[in-house]
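Please work through the exercises below with the sequence and the coordinates open side by side. Each task is followed by a solution that goes step by step.

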Amino acid sequence: AVGDAALAAAQRSEAEALIQRAVGMFLDSERGVFVDGLVEGRPVDQVSEQTNVWAALAGWYAAAGRDAGQALSGLIGSDDPAIARSGYYFWLYQLEALAAAGRMAEALAAVREQWGPLLQAGATTVWETQAGDHLDSMCHPWSCVPVSFLLTDVLGLGGLEGGGAGVGGEQSVRELRPRIDLLGAASGAMSIREGRCRVAWRRDGGRVVVEGELPDGVAARIIWPDGSSTPPVSGTWQVSHGV
């Protein structure tokens, strides 16, 4: 970012060496997860969702030739009471790790499971924890992660945030990745630097009709879940895709 190529190379080398050391020290090969630490030079038995989320995001699983998504799914689905679980705050990183590992359906299911009790209780704010008792803050910023996740990863608006001038001063084409495979109908909007963006879709027989708006000067190619894409759209637009 600051144009120091030598420093960048040194830090990449240091990071790679650290990853290799971490894999050697903390990977439990039999269980296929990373343990939480060492005691007197020996790995502990304790395993947490938090440690393994960081391991996934930091590239430890990739370096070990292991599937981060499979490991995280196994931890989330395990009924082992000894596994340390993520609270609302840490789901900020856990949803990111699941999405990065291609486990979007599981991430969306986790949002329903973790935040569903608040909706069922009639909450109009997000609580600090699911307890919602006298010890909680009843309107807590760290618990609102589904808002950004649904907008950026499920509605697919996250790819619109980058961009800028392309070659010859032309506006670069950005990406819109609506996950029409996860929800039968959805709609939402968010603001980026250039203005407000909106996307919505609905099923119409064997096709999904997707429509939206982009601010002036912004164009985006729609990337479907199957990897196919559309020519760039801009302004107010509508397209459809077979499912």
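The exercises that follow concern a predicted model, and they take up confidence, a sheet, a helix residue and the cysteines.

**Exercise 1. Confidence**

Task: Establish what the average pLDDT of the protein chain is, and where pLDDT stays under 50.

Solution. Begin with the chain as a whole, for which the average pLDDT is 94, with 96% of the residues scoring at least 70. Then turn to residues 165-169, over which pLDDT stays under 50 and for which the model has four contacts beyond four places in sequence. As a rule of reading, predicted coordinates should not be read in detail where pLDDT is low.

**Exercise 2. The sheet**

Task: Work out the order of the strands in the open sheet of four strands, and explain why one side of β6 and of β11 is left without a neighbour in the sheet.

Solution. Step one is the order, which reads β6-β7-β8-β11, with antiparallel pairing, in an open sheet. Step two concerns the edges: β6 (185-192) and β11 (236-242) each have a single partner strand, so one side of each is left without a neighbour in the sheet. From one strand to the next, the twist averages 15 degrees.

Step three follows the pairings across the sheet:

- β6 pairs with β7 (residues 195-204) in the antiparallel sense over eight bridges, and a hairpin of two residues joins β6 to β7. Within this pairing, Ala186 has Trp201 of β7 as its bridge partner, while Ala189 has Arg198.
- β7 and β8 run antiparallel and are joined by seven bridges, with Val199 standing opposite Gly212 in β8. Their hairpin has two residues between the strands, and Gly205 in the turn has a positive phi of about 65 degrees.
- β8 (residues 207-213) is joined to β11 by seven bridges, again antiparallel, and here Gly212 stands opposite Trp237 in β11.

Step four considers the faces of β11, where Trp237, Val239 and His241 make up the covered face, whereas Thr236, Gln238, Ser240 and Gly242 make up the uncovered one.

**Exercise 3. A residue in helix α2**

Task: Decide whether Asn52 is buried or exposed, and find which backbone oxygen the side chain of Asn52 reaches.

Solution. First locate Asn52, which is found in helix α2 (residues 49-57). Its relative accessible area is 0%, and because buried means under 20%, Asn52 counts as buried. Next list the surroundings: leaving aside residues up to four places away in sequence, Asn52 touches Val33, Phe34, Val47, Tyr61, Leu72 and Leu75. Finally, examine the polar end of the side chain, which reaches the backbone oxygen of Ser48 at 2.9 Å.

**Exercise 4. The cysteines**

Task: Determine how many disulfides the structure holds, and explain why the sulfur of Cys144 is not bonded to the closest cysteine sulfur.

Solution. The count comes to zero disulfides. Cys139 is in no disulfide, and the nearest cysteine sulfur, that of Cys144, is 8.9 Å away. Since a disulfide requires cysteine sulfur atoms within 2.5 Å, the 8.9 Å between the sulfur of Cys144 and that of Cys139 is too far for a bond. For accessibility, Cys139 counts as exposed, at 56% relative accessibility, whereas Cys144 counts as partly exposed, at 34%.

Key
Residues numbered from 1 in each chain as written. Predicted model: local features only at pLDDT ≥ 70, side-chain atom pairs only at ≥ 80, totals over all residues. Heavy atoms only, no water. Pairing = 2+ DSSP bridges. Axes fitted to C-alpha atoms, helices over the stretch in contact; angles between N-to-C directions. Buried < 20%, exposed > 50% of the residue type's maximum accessible area, 1.4 Å probe, protein only. Polar contact = N/O pair within 3.5 Å; in protein donor to acceptor, adjacent residues only side chain to side chain. Contact = heavy atoms within 4.5 Å. pLDDT = per-residue confidence, 0-100.
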